[in-house]
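Thanks for making the time this morning; I would like to walk you through one chain, going from its overall build to a pair of helices and then to the last helix. Please have the viewer open while I talk.

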Amino acid sequence: MSENAYHQSLLRGNLYVVWNELVKNIKSLLAYPTIIVFWAIFPVFWFIPFILQGEAFVGGLESANFAQITGTGEYIPFIIIGAVLNSYVNTLLYGIGENIRKEAYQGTLDYVLVAPCNQVYVLIGKALGESLSSTIFAVSQLTLSALLFGMNITLGVMLPVFFTIILLILGLYGMALILTAFSLMYKQSYDLSETIGYIFYIFAPVRYPIESLPNWAQILGKLIPLTYALIIVRSLMLLGSDLSTIYSDVILFLVIDVILLVMGFYLFNWMEKKTRKSGTISHY
Amino acid sequence: MRQVNCPTGFNWSNLKAELKAVWESNVKDWKIEFAYPVSFIRQLISPIVFLLPFLIYGLVLVGGEYSENLALLVGTGDVVAFIFTGYMLMGFIGTAVWAMGFSIRRERWFGTLEAIYVTPTSRLGQVLGMALHSTIHQIFATIIQLIVIYVTFGLALKIQGILPALGIFALMMLALYGFGIVISALGLILKEGWVVSDSLYSIMMILSPVAYPLIVLPTVAQQASALFPTAPALIGMRSFLIEGYRAEAFGNVFVHLLVLGAAWILFGIIVFRITDGYVRKRGMLTKF
């Protein structure tokens with residue numbers, strides 16, 4: 001076989017692995033329709049208390065103090081965008097981080113890892129599967145929110161928002177690889193996923209503008225990919241900005257994504273080799 | 001062979017034996033929890049993590065610690081005291097929904113459900129033991145919340161209101177335990193019990209005036225909230241703890257909570273017995 005044909009065959013094989021891993025994840029999700037309904041609808045219930053709190057404290061649909069800090073007094077769309085993106089991050093991060101652990105519970109991890117393919121493509125397939133399901137849930141939540149709370153969503157806004165979501169996914173893939181690496185070795189990735197979720201919840205501007213935090217907390221917040229996603233999406237959807245006016249946030253976002261991806265791939269490869277050598281891959 | 005007399009029937013010996021089983025179930029859960037120290041610490045600080053966004057968001061909305069509109073609605077504009085007293089109780093809803101609701105499901109995962117079921121004690125005792133563990137856990141978490149919020153934001157609560165507030169809290173817990181028994185019964189039948197627990201928690205979160213007065217809810221939601229103990233408990237506790245607070249509804253909170261407690265406990269026991277019998281008859285006990 002010529003070298004060219006060999007590389008083409010290898011690429012086809014790897015893409016086949018990605019595709020089948022994606023299909024397997026989706027089939028696994030479809031086996032539990034209640035979970036699909038739950039994630040498509042119930043995250044909306046989690047931010048309704050914040051909307052009611054706003055109405056009680058402010059006595060209307062706009063807050064003057066909010067407008068001073070964020071440029072818009074409309075706290076309801078501010079909360080909705082934060083909640084939908086945060087829910088997206090949680091389902092994606094948790095899903096990818098726990099995916100490898102699920103293989104261990106089911107007793108299939110050994111077989112997955114000794115399969116004659118590059119394990120990175122297995123992870124890419126899993127990540128794509130989780131991304132697809134998380135995206136479907138987020139679209140459902142956003143649609144429901146737009147219908148219930150009258151949010152204005154246009155196609156012109158959604159295209160740059162879609163680009164921002166892709167940047168967010170890249171950063172989250174990096175974080176998920178780091179979590180998966182820890183999951184291989186320490187077996188208890190759930191607590192780590194939850195702790196990262198807590199850090200995002202407090203230091204990223206999910207429920208309030210990042211400017212309302214003390215300086216040290218703002219610095220920490222600006223290391224989180226979700227922060228940039230929220231700032232960019234809110235600027236696009238609430239302030240009518242376009243990407244050229246917020247290019248500095250986009251560039252910083254890209255830099256953080258690259259750092260997380262490189263760290264994630266390196267850690268995963270290192271941890272996988274370490275656990276193979278120690279024979280603890282399928283340990284519980 | 002040594003003869004062992006097991007107490008039977010409704011008498012003091014049997015009750016003592018059941019209380020000992022409840023206590024040991026509680027001790028078992030603590031031992032499991034301490035085996036995972038990272039998880040234990042995380043769960044102790046999680047109430048703070050979920051309270052802070054409500055507080056910071058509230059402060060940003062009004063630009064300070066006083067809300068004029070809140071004062072108009074309930075007689076007090078103290079944002080920090082209002083939200084803290086509300087959120088303090090949310091963790092105890094988690095006791096009913098998660099700790100009790102998930103207790104049976106957890107034993108299934110561990111593979112110990114059958115062993116627990118053949119133990120010569122009441123099955124409800126097992127659930128109550130887990131509830132006791134979760135309640136104690138939540139009390140520690142609430143104390144940590146109180147310290148952190150007091151140091152960070154300052155907190156103005158009436159000291160003389162603490163005892164009656166604790167009385168209201170005890171009555172609320174009685175009703176919540178009954179509610180938790182219902183959810184643990186659902187866990188016997190449903191494979192994805194966590195979906196039910198999370199859904200019910202989300203609904204109770206909205207119906208309980210945690211971060212807003214009850215009056216902000218639509219009328220039908222206000223009426224529905226009277227069926228659950230958290231709304232009357234929150235309103236009652238706030239009226240004792242917060243200066244100037246004007247109770248929005250429910251009249252005599254103590255009587256309301258007593259009635260709710262009796263109703264939920266009775267309903268919980270009936271549902272649990274029916275479900276338990278159904279599951280054992282069909283051999284579904286260990287089905288995953």
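What follows is a short tour of chain B in this predicted model.

Let me begin with the overall build, where chain B has 12 helices and zero strands, so that from the N terminus on every element in the run is an α. The radius of gyration of chain B is 20 Å, close to the 19 Å that the globule rule gives for 288 residues, and therefore the chain is as compact as a globular protein of that length. Along the principal axes, the C-alpha atoms of chain B fill a box of roughly 75 × 40 × 35 Å, and buried residues account for 43% of the 288 residues.

Turning to a helix pair, the axes of α4(B), residues 79-100, and α11(B) come within 10 Å and cross at roughly 145 degrees, and the crossing is right-handed. On the α4(B) side the contact is made by B:Thr85, B:Gly86, B:Leu89 and B:Ile93, while α11(B) contributes residues including B:Ala233, B:Leu234 and B:Met237. By type, the residues of this contact divide into six nonpolar, three polar and one charged.

Finally, consider helix α12(B), residues 253-281, whose 29 residues should span 42 Å at 1.5 Å a residue, which agrees with the 41 Å between its end C-alpha atoms. Its buried residues, among them B:Leu257, B:Trp264 and B:Phe272, pack against α7, α8 and α11 of chain B. Just after α12(B), B:Gly283 takes a positive phi of about 65 degrees.

Technical notes:
Residues numbered from 1 in each chain as written. Chains lettered and ligands numbered in written order. Predicted model: local features only at pLDDT ≥ 70, side-chain atom pairs only at ≥ 80, totals over all residues. Helix = DSSP H or I, 4+ residues; strand = E, 2+ residues; numbered from the N terminus. Expected span 1.5 Å × (residues − 1). Buried ≥ 20, exposed ≤ 12 C-beta atoms within 10 Å, placed from the backbone. Contact = placed C-beta atoms within 7 Å. Axes fitted to C-alpha atoms, helices over the stretch in contact; angles between N-to-C directions. Left-handed = near helix turned anticlockwise from the far one by under 90°. Nonpolar A, V, L, I, M, F, W, Y, C, P; charged D, E, K, R; others polar. Rg over C-alpha atoms; globule rule 2.2 N^0.38 Å.
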